[in-house]
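Welcome to a short tour, to be followed with your viewer open. Keep the selection tool at hand, and we will go stop by stop.

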Amino acid sequence: MAYIGIDVSKQKLDCLWVRDLSKGKVKTKVFPNRHQDYPGLLDWLVRQTGEDISNLHVYLEATSIYHEPLAYWLHDVGVTVYVLNPAQVRHHAKGMGVRSKTDRKDSMMLARYGIERNPQPWQPEPTEVRELKRLINRLEAVEDDLQRERNRLEKAEFNTDTQASESISYMLVALEREVQRLQQAIADHFEAHPPLKQDRKLLESIPGIGNVLSARLVATLRSRDFRSARQAAAFLGLVPILKESGTSVKLRSHLSKTGAPGIRRKLYMAAVVSTRCNPDISEQFARLKARGKPTLSALGAAMRKLVHIAFGVLKSQSEYRPQGV
């Protein structure tokens, strides 16, 4: 069994094979981060380690999108791949007293983290879920651009800048057309994949979850094999973090806010609506407020409960029913 750390950047891959961790013996080589160079990287690993492909354990950091082509390619050829959280790896390095940061040290720390912490292997997202996430991400990016142009138009009209207003109006037409096209592409994608369409329908049976949030929740909750609702909530950054020490330190708990913030913003708005229309959420919200919890803390709990309900609906494949019904 061979342990390999690969520090990924846009241009290159710094590979490090740990020959003997106790003696600090390693082998290193740098490859371009291009698809046509991946077979050469794999050949080098097999030659150096003398191991079968199935015995290669490769550890990568999640590096924007730049690790994805290599991770999928290695997984497809039979290598055991691990995609690690960069913050966790860095904290592990600091705990060992490692302060400096270079590409070689990063690849070494990736391999050491894998050897010493034994994380779970990475599992790629199903193809249909990956395509759905890309469509949703693109739609959200275009919607952000559309809002920025609307803000610019408001300022241009206030300043009676006719030329700028005309230019912005042209852009608004193009962006609005692209939003409509992407919305239709997402709808067509759900139609082409009945299991995803059924998941979306089940999620929309939950009061407070509408068309936009249901699509994002399907893409998120079906992207990984979550073992529990608590695990899904933790992935979305909705678990409370406590800071207490002795009698002198007792800070108010707050959400961990790990992971992508976009879906949390949508869950926040859904939680606000749910306090009025969802019986389970409204009962919980009223109970927490009666106990003196601040409104934001109660809404954070509502966001977490919404995810728990969504997880249960998808797991049981049955529409939402209030508790006790």
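How many helices and strands does the secondary structure of the protein come to? Switch to a cartoon view and you can count twelve helices and seven strands. Bear in mind as you go that this is a predicted model.

**The whole chain**

Start zoomed out. Along the principal axes, the C-alpha atoms fill a box of roughly 60 × 60 × 45 Å. The protein has 325 residues, and 39% of them count as buried. Turn on the surface next: the accessible area comes to about 18600 Å², with 50% of that belonging to carbon and sulfur atoms.

If you like contact maps, here is a number for yours. Taking contacts between residues at least 6 apart in sequence, 59% join residues at least 24 apart.

Now colour by charge. There are 51 positive and 36 negative side chains, and the centres of these two sets lie 9 Å apart.

**Helix α2 and its cover**

Select residues 68-77, which make up helix α2. Which residues of α2 are buried? Show side chains for Leu-70, Ala-71, Tyr-72, Trp-73 and Leu-74 to see them.

Next, bring up what lies over these buried residues. The cover includes the strands β1 (2-8), β2 (12-20), β4 (56-61) and β5 (80-84). It also includes the helices α1 (38-49) and α5 (127-158). Before leaving, step just past the end of α2 to Gly-78, where phi is positive, at about 110°.

**Salt bridges**

Side chains of opposite charge can pair when their charged atoms come close. In this model, the count comes to 16 salt bridges. We will visit a few of them.

Select Lys-12 and Asp-14. They form a salt bridge whose closest N and O atoms are 2.6 Å apart. Is each partner buried or exposed? Lys-12 counts as partly exposed because its relative accessible area is 27%, while Asp-14 is buried, at 10%. Add Asp-103 to the selection, and you have a network of salt bridges linking Lys-12, Asp-14 and Asp-103.

Move on to Glu-140 and Lys-266, another salt bridge, with 3.1 Å between the closest N and O atoms. This pair links distant parts of the chain: Glu-140 sits in helix α5 and Lys-266 in helix α10, 126 residues apart. With a relative accessible area of 18%, Glu-140 is buried. Lys-266 has 25% relative accessibility, so it counts as partly exposed.

One further stop here is Glu-191 with Lys-197, whose side chains meet in a salt bridge at 3.1 Å, N to O. Lys-197 is partly exposed, with a relative accessible area of 39%.

**Two surface patches**

Return to the surface view and select Arg-19, Lys-23, Lys-25 and Lys-27. These residues gather in a patch of positive charge on the surface. Where does Lys-25 lie? Look in strand β3, which covers residues 25-32. Lys-25 counts as partly exposed because its relative accessibility is 40%.

For a patch of another kind, pick Tyr-268, Met-269 and Leu-296. This one is nonpolar, and its three residues together have about 320 Å² of accessible area. Tyr-268 has its place in helix α10 (residues 261-277), the helix that also holds Lys-266 from the salt bridge stop. The relative accessible area of Tyr-268 is 32%, so this residue is partly exposed.

**Two loops and two distances**

For the last stops, get your distance tool ready. Go first to Arg-227, in the loop between α8 (211-221) and α9 (229-235). Is Arg-227 buried or exposed? The residue counts as exposed because its relative accessible area is 65%. Draw a line from its C-alpha to that of Phe-311: the two are 84 residues apart in sequence and 10.0 Å apart in space.

Then find Asn-118, in the loop between α4 (103-117) and α5. At 59% relative accessibility, Asn-118 is exposed. Draw a second line, from Asn-118 to Leu-217. These residues are 99 apart along the chain, and their C-alpha atoms are separated by 29 Å.

Terms used:
Residues numbered from 1 in each chain as written. Predicted model: local features only at pLDDT ≥ 70, side-chain atom pairs only at ≥ 80, totals over all residues. Heavy atoms only, no water. Patch = residues over 30% accessible without salt bridge, like charges linked within 9 Å, V, L, I, M, F, W, Y side chains within 5 Å. Areas by Shrake-Rupley, 256 points an atom, 1.4 Å probe, with all protein chains shown as cover. Salt bridge = Lys/Arg side-chain N within 4 Å of Asp/Glu carboxyl O. Lys, Arg positive; Asp, Glu negative; His and termini not counted. Charge placed at Lys NZ, Arg CZ, Asp CG, Glu CD. Helix = DSSP H or I, 4+ residues; strand = E, 2+ residues; numbered from the N terminus. Buried < 20%, exposed > 50% of the residue type's maximum accessible area, 1.4 Å probe, protein only. Contact = heavy atoms within 4.5 Å.
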